[in-house]
Amino acid sequence: MFSDYFDINLKEFNQEFFESLPDNRQIVRPTMTNEKYYHTVYAEGEPAGIVGFVPSENMRDTGFMQILLAPAYRGKGLISKIYDRMIELHSLKTLYATIEKSNTASIRAHEKIGFKILPEEKLEDLRTKGFIQPYEIRMERDV
Ligand SMILES: CC(C)(COP(=O)(O)OP(=O)(O)OC[C@H]1O[C@@H](n2cnc3c(N)ncnc32)[C@H](O)[C@@H]1OP(=O)(O)O)[C@@H](O)C(=O)NCCC(=O)NCCS
C-alpha cells in the first residue's frame, strides 16, 4: 500500500487551510465546541487534508468521521493511516460515516478499511427520523 510510505501526523486544525480545500462542503464543519476533535493532516510534513469527528451525544467513544484530503493526496490509501491515528488519539471504539450515495470514492475508501453500510431497514429508520437524508447512507466500523 502507498500509504505505508507516507509519514502521517495530526496537528492543530487550521481553518484557513480547510476553507482552501475543494469539496469542503462534503464534511461537517467544526464548531467552537468540537473543534478540538478536528486536525490538519500532514503527510511528509506537508498539509494534506483535514480529519475530525462529531462525537455522538449518547454513546461514548463514538464519532461521526469527517475527512477531506487535498486532491493530490487522494487515491493513495492515506485514509487508513489517518483513521488509525484518530482511533489512537481519541480512543474511539465505534466509527460512523454519513456519505452521499453519489460519493463512490468515499464509500469505496471506507469499505476498504472495514466499514459496512448499515442494513436498508436501519437506513430507512434513520431517514424517517431525519438523521440522514434520502440521498445519503451511513457506514459503521467497530474498532
Ligand atoms: C474520501 C477520501 C477521504 C478517500 O480517501 P483516500 O485515502 O483517497 O481513499 P483511497 O486511496 O482508499 O481511495 C478510495 C477510492 O477513491 C477513488 N480514487 C482513486 N484515486 C483518486 C483520486 N486521485 N481522486 C479522487 N478519487 C480517487 C477510487 O475509486 C478509490 O477506490 P479504489 O482504490 O478501489 O480504486 C478522499 O477521496 C477525499 O478527501 N474526498 C473528498 C472529500 C470527501 O468526499 N470526504 C468524505 C465525506 S463522507
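Here is a short walk through this predicted model, from the overall fold to the ligand and then to one residue at the end of the tour.

Let's start with the chain as a whole. It holds 4 helices and 7 strands, and reading along the sequence you will meet them in the order β-α-β-β-β-α-β-α-β-α-β. Along the principal axes, the C-alpha atoms occupy a box of roughly 45 × 35 × 30 Å. The radius of gyration is 15 Å, which agrees with the value near 15 Å that a compact globule of 143 residues would have. Of those 143 residues, 24% are buried. If you look at contacts between residues at least 6 apart in sequence, 62% of them join residues at least 24 apart.

Now turn to the ligand. It is surrounded by 21 residues, and the closest are L69, R74, G75, A105 and A109. Four elements each give two or more residues to this shell: β4 (62-69), α2 (78-90), β5 (94-100) and α3 (104-112). The largest share comes from α3, with 5 residues. By character, the shell divides into 11 nonpolar, 5 polar and 5 charged residues.

Finally, have a look at K116, which sits in strand β6 (residues 116-117). Is K116 buried or exposed? It counts as exposed because it has 11 C-beta neighbours inside 10 Å, and the cut-off for exposed is 12 or fewer. Setting aside neighbours within four places in sequence, K116 is in contact with M139 and E140. K116 and M139 are 23 residues apart along the chain, yet their C-alpha atoms are separated by 5.2 Å.

Definitions and conventions
Residues numbered from 1 in each chain as written. Predicted model: local features only at pLDDT ≥ 70, side-chain atom pairs only at ≥ 80, totals over all residues. Near = placed C-beta within 6 Å. Nonpolar A, V, L, I, M, F, W, Y, C, P; charged D, E, K, R; others polar. Buried ≥ 20, exposed ≤ 12 C-beta atoms within 10 Å, placed from the backbone. Contact = placed C-beta atoms within 7 Å. Rg over C-alpha atoms; globule rule 2.2 N^0.38 Å.
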